[in-house]
Structure formats: structure tokens, C-alpha cells
Amino acid sequence: MAESLPEHERILQEIESTETACVGPTLRSVYDDQPNAHQKFMEKLDACIRNHDREIEKMCNFHHQGFVDAITELLKVRADAEKLKVQVTDTNRRLQDAGKEVIAQTEEIIQCRLQQRNITTVVEKLQLCLPVLEMYSKLKEQMNVKRYYSALKTMEQLENICFPRVSQYRFCQIMIENLPKLREEIKEISMSDLKDFLESIRKHSDKIGETAMKQAQQQKTFNAALQKQSYGRNMYINNDGVPETRNEMVLKQNLEEEEEHEAEVLTAHDLVDFSPVYRCLHIYSVLADAETFENYYRKQRRKQARLVLQPQSNMHETVEGYRRYFSQIVGFFVVEDHILHVTQGLITRAYTDELWNMALSKIIAVLRTHSSYCTDPDLVLELKNLIVVFADTLQGYGFPVNRLFDLLFEIRDQYNETLLKKWAVLFRDIFEADNYSPIPVSNEEEYKIVISKFPFQDLELDKCFPKKLPMSQSVPQIYIQVKEFIYASLKFSESLHRSSTEIDDMLRKSTNLLLTRTLSNCLQNLIKKPHIGLTELVQIIINTTHLEQACKYLEDFITNITNISQETVHTARLYGLSTFKDARHAAEGEIYTKLNQKIDEFIQLADYDWSMTEPDGRASGYLMDLINFLRSTFQVFTHLPGKVAQTACMSACQHLSTSLMQMLLDNELKQISMGAIQQFNLDVIQCELFASSEPVPGFQGETLQLAFIDLRQLLDLFMVWDWSTYLADYGQPASKYLRVNPSTALALLEKVHKGMKDLSKKNNIFAQFRKNDRDKQKLIETVVRQLRGLVNGMAQQHP
């Protein structure tokens, strides 16, 4: 209990000294102490309050008299305060009355000054706004007159200079909001102008290209004229009496003509207005969107390039189709080259090179396809000239064109093929129209006309007329056409930027193709035609001989054109010699074949009576006709080379001998009488007489008669009936019947044996009882057995 009392005093001291808001923790400590501490604290608090009340009462009692004195003095002042209040109220009223007029005037002055300040402010603001409004009005006017680039510059001034000064005004905000719309409008309008420009250049590309190609062609012609005239030194007097060289006069004329052409020829600027693309580029550059414009322009031009590079399906039918195609392409790239050089960054050299490489691949593919359809060499030549002008034109603008000239070499092969087809028709027509007779010449003028067309070397020194030249009309015509072919082939080689050596090589190769393929095929087909007889074949051989001799003049002709000597290491040679030799060999073979066919036709007319008892005493009619035919035919062979005529004669005699032998040994012929053998022997004798008469000069001794040696020995064997000698000497080199084969002798003997049997039966029914006949039959049987033995022995030796 005694301990809690100091604690309560401490708590009361804290409450007295602590602010009211912070007494919570102090009061809480009262409730945290011992039980009944609250009651004790309240008692202590009441005691404290009573102590304070007593102190207050003591203090009040101490100051009470002073308080009473102060109240007394205040009451005294109250009356004076009332008077002062009345005076102040009266003074204030008079002052208020007097100040009303001043206040009114002051308010007017204030209002005036306020208005003056507002007017000054308005003037100042208007001075700021008027330039903006004027510039915006200028912007509208520029938009109306389509000065879009200036309008964009005006917008930049508005945004960068004017608008920041008046940004607080509503009209400025409206203007600011309108500027993006105006920019979009300008972009749309400029893009529309660009589209119109692209459409315009698409329509005018062919005209631009045609103009550029014409200028390139004129420049090329002018340069060629300068080169040709660079060495002449002849002097002439002009209209002013001043001496000039011939070159100077011609050059002056060419310059005047060139100036006239240039005055007439329009340029790309004259045909197309490029201002839209410049304007659009500037506009997009100002709008900081140049990349979008560049991408759009390049994309659209790529699309146009694909359209330009797409040819018409019938382009190959006329040269105008090719010209229009090339003009459009040239026009396209002339425009691109112009854009490249007059603008910065719109397109680059890399872009144009890429576009050109793409276009070049497409062009080459198109030309390869369409040129393959061309069958007219004149059209192919015109196409070549167009390609050269096309390449020269674009090369002048800096585009690489080597692949185009490489393509021309491919087209040259196509051109040569069309030439070969055309000349094949010409050769066939010449051969069809030829009469295959020597050319008649009535006088020296006609002779000169012929040798002016063909280099004929007349070995006969006499010039007596009329006379006949050995070749037919087709020879000079063929020679002329070969020269025309060389000229035609040379036309394609011009302007290909190739050396004389290369041109010489091309000419010789194409001429070789003409000779070895076209002319050779025509000759081979001519030789094989059914209506070509022996006379025509003989003339063909003579013709090919003269054409072969003329090949050296064709070589000289090409040399004169190209100025390349034939002694040059890489110079090709003409293969005409082999061509005409092959044709001649074919004609010779055909002569042999037709001669043998004619012999077969006569042989088929043979009508032997194989059962006759006695011969007619004279040769058969068919054989005499055959010999007369051979005599007349071999007379025609006088103009042929000796070996050809001799070979033909030997071939005919051998074929005749073989045919006669086959006639005797025919399996369908079952029996032959000795009378028929004798008649047949008369025919063979006539053949031998023909061979010995030397129908073709040049045979040595009895060489031609050897063709009938097999028949002669066989017939001699039967006519002499010398079987003992044959059998005894068989196999000996010196045998009299060395060329008689045992099988051949056996076959003929069996037929004769059967013929003799049938003849004996017809003449005498008792013939078999005659001793001579029986002996002969026995001899024949003995010979037959011996011959069969020889045949079997040969078969065993040669199984």
C-alpha cells in the first residue's frame, strides 16, 4: 500500500506535464498495476484536484481587487467610445459620399486601361498569327495550282517556325491536324502522276526505242563512211572555189545529212515528260519516304519489263514483229538509263545491271525459240541486222551485249540451214531444167558469155565455131549459185565484230556444208531418179568433173572477199573435190547398174529352142540387138574418163557372160540338145567378136575377151566332147579347160544327156539298141560319175 502511493503521484505528475493526446499510455499503466489500483488512483486524483482548487481560490482572492479596478475604468471609457463611434460613422459617411465619383472615374480608367492592354495583346497576337495564316493561305494556293513540292516546303516552315509561336490557339491545332491529311493528299496525287507517267512511257517505249535504234544506225553508217573515206586524196573545187579533198567533201555532205537527221529525230525528252517522276521523287524525299517511292517505282518497272519482254505469238512471221519487240525493249532501257543519270538514288547501276541480265536471258530464250521457226533466209538475215542494231544501241548506253553476239552465232547456223534448204530447191530446179547435153556455142560472143559465168579451160586452141562445150547448162548455173550462196552467207557475217580470219573460216565452213551436204544430196538424188538414163549419167559425170576443177576458183573467190590467204595455217579447205568424186562414183555405179539392167531386158527377150536338132546358122536376134545397143552406148562414153568407160564395158561383158551362163544352168531348164548348144555357141562367138572389136579403147590384148572365157571353155568342152582331156588335166594350171567348174560341167552334161535321150526316142524307137548310142550313153554315164566324184571331193575339201 505504501509502495503504490509514490507510483500514483508519478502518474499524476506525468498527466499534468503531458499533452492530452499522449496520456493514453500513462492511463493504461493505472490498469496494469495491482487490483483495486484504480480505486486508489481515483482517490488520489480527487485529493490532487482539491489541492489545485484551493490554490486557484488563493490566487483569485489575491487578484480580485485589481480586477474590480479594471472593470471600473472600462466603464468610464465606454461613454467616450460611444462618442468616438458616432464621429467615425459620420466621417465615414461623408468620405463615402465624396469617394463615389472618384471610384466611378477610377473604374472607368481601369476599364480603359484594361481595354488598352487587351488591344495591345490582340495586336501582338495578331502579329504572330497573321504570318501563319498567310503562309497557310499560301499553302492552299500552292495545293490548288499543284505546286506540291513548294507546298511541302511551306508545311515544313509552318511546323518548324510558325506553329510553335501560336500553338496555344485552336486554329493552329486545326491546321496541325490538317497537315498530315494534306501530305497524304500530295502523296496520292504525286503517286497518281507517277502512274500516269509509267503508263505514258509504256505507250511510248517502242517509239523511244525506234528513235534510239535509228540514231545508233545512223551513227554506225556515218562512222563506216568515215573509215571508207579516210584514205582518198583526190582534190575537188567547192562552190566557193576552195580546193578540198574528196573525203572532206563527202564528210561535209555526211555531216549535213546527219544534222538534218538529228533535226528530224526526236529524243526521249521530246516524247516523254519526265517531270512527274522528278516531282514525285522530290515529294517523297521531303516526306522522308523516298524508300517507299523507290520500291514502288522499281516494282512497277519490273512488271513493265516482264510485259515488254513477252513477245507476240506470231512475232516470227514478219520482221516488223521483231522490230517492234526490240524497239520496246530499247525504249524501256533508254528510259531507265535516263532515270539513272538524272536522279540520285531512285535506281542504281546495280539495279539496272540486274534488270538487264534478267531481260537478256529472257531475250535470248525468246530469240532462240522464234528464230527456230524462221524458214526464210531473208527474214533471218533481217533479224540478224535488227539484233546487231539492237545490241549496238544498248551497248552505247553501257549495257553488256556479248551474249547477244554469241547468240548470233547460233542464229548463223540457223541462217545457214535455211540457206541450204533454199539452195537445195535451186539446185533441184537447175537439175530438173537441164537437158544434159553439151552446151552449144555458135560464136565467140556466146563462148565469152559462158566463160564469164564459169571458169572453163578450153584445151582446144582453135576457136572455130559453132562448137560444143563438154558440160551441160547446169554447170555454170550451179557455179553461179554457189557464189551467190557465198555472198548470202557473207551478208550474215557483216557487223558481227569478227576478224577477217573468222569470217573466212565461217564462209568456208558454210560453203563446205553446201557442197558436201546440199549439193551432194541433190546429185545423189538426181542420179537415183528413174528417168535418168545412161546418156544423162554420162553427162553428169562430165559435169561433176568440171565442177570439181572449178573448186580452186571458189577458193580464190573466198580469198578475194576476205583477203585471207589460202596458205594461212588455220584456213579451212573446200571439200568440193570429195563431193564431186563421190557423186561421180555414184553416177558410175548407176551406169553399171543401168547397163546391166538393160542387158537383162535384152536377155529376157531370148527365146531359145532348147530341143532343136540343128542350129539356125546365125546368131540370135535379141543378142545382135543387144550388141548394137552396147556399141552405140559405148560410143557415148567417149567423153568419159578412160577407166570409167573401160570399167563399164568390162562390167557389161562380165554381166552378159554371167547372164548367159545362168541361162544354161537354169534349174527350170531340164534338157538341152546339142543343136541348142551349137546355137548358143554362135551367140557367144558374136559376144567374143564384140569384145575383140575394142568397143572402148584402152584394153590391152584380149583383156575384154576374158569376160567370156568361162563360157568359151565350157562350150568348147561340149562342142569337141573332149572329156578325156578335161578329166586328165583337171587341177593342172596349164589345163585347156581350167575355167570349167566340175559342178557346172556336171549340171550341163546331165541336161545334154537327157536331151539326147529324148531326141533318140523321138527319132528312132529302137535307138537304144544301136551300138554307137549305147557306147555314148555309157561314156556319158562314166563321165557323170567321174564329175560327181570331183564335185564330192571339192565339197570335202571346202565343207
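These legends accompany close-up views of a predicted model.

**View 1. The largest pocket and its lining.** Let's start with the open space in this model. The largest pocket has a volume of about 390 Å³. Its lining counts 18 residues, and Gln217, Arg323, Asn385, Leu386 and Val389 are the ones nearest the centre of the pocket. Helix 5 (170-228), helix 10 (319-342) and helix 12 (377-396) each contribute at least two residues to this lining. Helix 12 gives the most, with seven residues. If you are thinking about chemical character, the lining of the largest pocket splits into eight charged, six nonpolar and four polar residues.

**View 2. A salt bridge within helix 10.** Here we stay with Arg323, one of the residues nearest the centre of the largest pocket. Arginine 323 forms a salt bridge with glutamate 320, and their closest N and O atoms are 2.6 Å apart. Both residues belong to helix 10, where three residues, about one turn of the helix, separate them. Glutamate 320 is partly exposed, at 43% relative accessibility, and arginine 323 is also partly exposed, at 31%.

**View 3. A salt bridge within helix 11.** Arginine 349 pairs with aspartate 353 in a salt bridge whose closest N and O atoms lie 4.0 Å apart. The two residues sit four residues apart in helix 11 (residues 349-371), about one turn of the helix. Arginine 349 has a relative accessible area of 32%, so it counts as partly exposed. Aspartate 353 is partly exposed too, with a relative accessible area of 28%.

**View 4. A salt bridge between helix 13 and helix 16.** In this close-up, the side chains of glutamate 417 and arginine 517 meet in a salt bridge, at 2.7 Å from N to O. Because glutamate 417 lies in helix 13 (residues 402-433) and arginine 517 in helix 16, the pair ties together parts that are 100 residues apart in sequence. Arginine 517 is partly exposed, with a relative accessible area of 33%, and glutamate 417 is partly exposed, with 29%.

**View 5. A network of salt bridges.** Asp90, Arg93, Arg94 and Asp97 are joined into one network by salt bridges that share partners. For context, the whole structure holds 27 salt bridges.

**View 6. The largest cavity.** Now for the enclosed spaces: the structure has two cavities of 30 Å³ or more. The largest cavity holds about 60 Å³ of space. Its lining includes Phe431, Asp434, Tyr436, Ser474, Asn543 and Thr544. Helix 15 (474-493), helix 16 (500-528) and helix 17 (534-562) are the elements that give two or more residues to this lining. Helix 17 supplies the largest share, four residues. By class, the lining of the largest cavity has eight nonpolar, three polar and one charged residues.

**View 7. The second largest cavity.** This cavity has a volume of about 40 Å³. Among the residues lining the second largest cavity are Tyr479, Val482, Leu515, Ala550 and Phe580. Helix 15, helix 16 and helix 17 each give two or more residues to its lining. The lining of the second largest cavity has nine nonpolar residues, with no polar and no charged ones.

**View 8. A nonpolar patch on the surface.** To finish, take a look at the outside of the model. Phe67, Val68, Ile71, Leu74 and Leu75 make a nonpolar surface patch of about 490 Å². Isoleucine 71, one of these residues, lies in helix 3 (residues 37-144). At 37% relative accessibility, isoleucine 71 is classed as partly exposed.

Definitions and conventions:
Residues are numbered from 1 along each chain as its sequence is written. This is a predicted model: local features need pLDDT of at least 70, side-chain atom pairs count only at pLDDT 80 or more; totals for chains, interfaces and linings use all residues. Side-chain values use heavy atoms; hydrogens and water are left out. On a 1 Å grid over the protein atoms alone, a cavity is a set of points where a 1.4 Å probe fits but cannot get out, and a pocket is an open set with protein on both sides within 12 Å along at least five of seven lines; lining residues have an atom within 4 Å of a point. Grid points are joined across faces, edges and corners, and a volume is the space filled by probe spheres set on the points. Ala, Val, Leu, Ile, Met, Phe, Trp, Tyr, Cys and Pro count as nonpolar, Asp, Glu, Lys and Arg as charged, and the others, Gly among them, as polar. Patches are made of residues with over 30% relative accessible area and no salt bridge: like charges are joined within 9 Å, nonpolar side chains (Val, Leu, Ile, Met, Phe, Trp, Tyr) within 5 Å. Accessible areas come from the Shrake-Rupley method with a 1.4 Å probe; for residues, only the protein chains shown count as cover. Buried means under 20% relative accessible area, exposed over 50%, partly exposed in between (1.4 Å probe, protein chains only).
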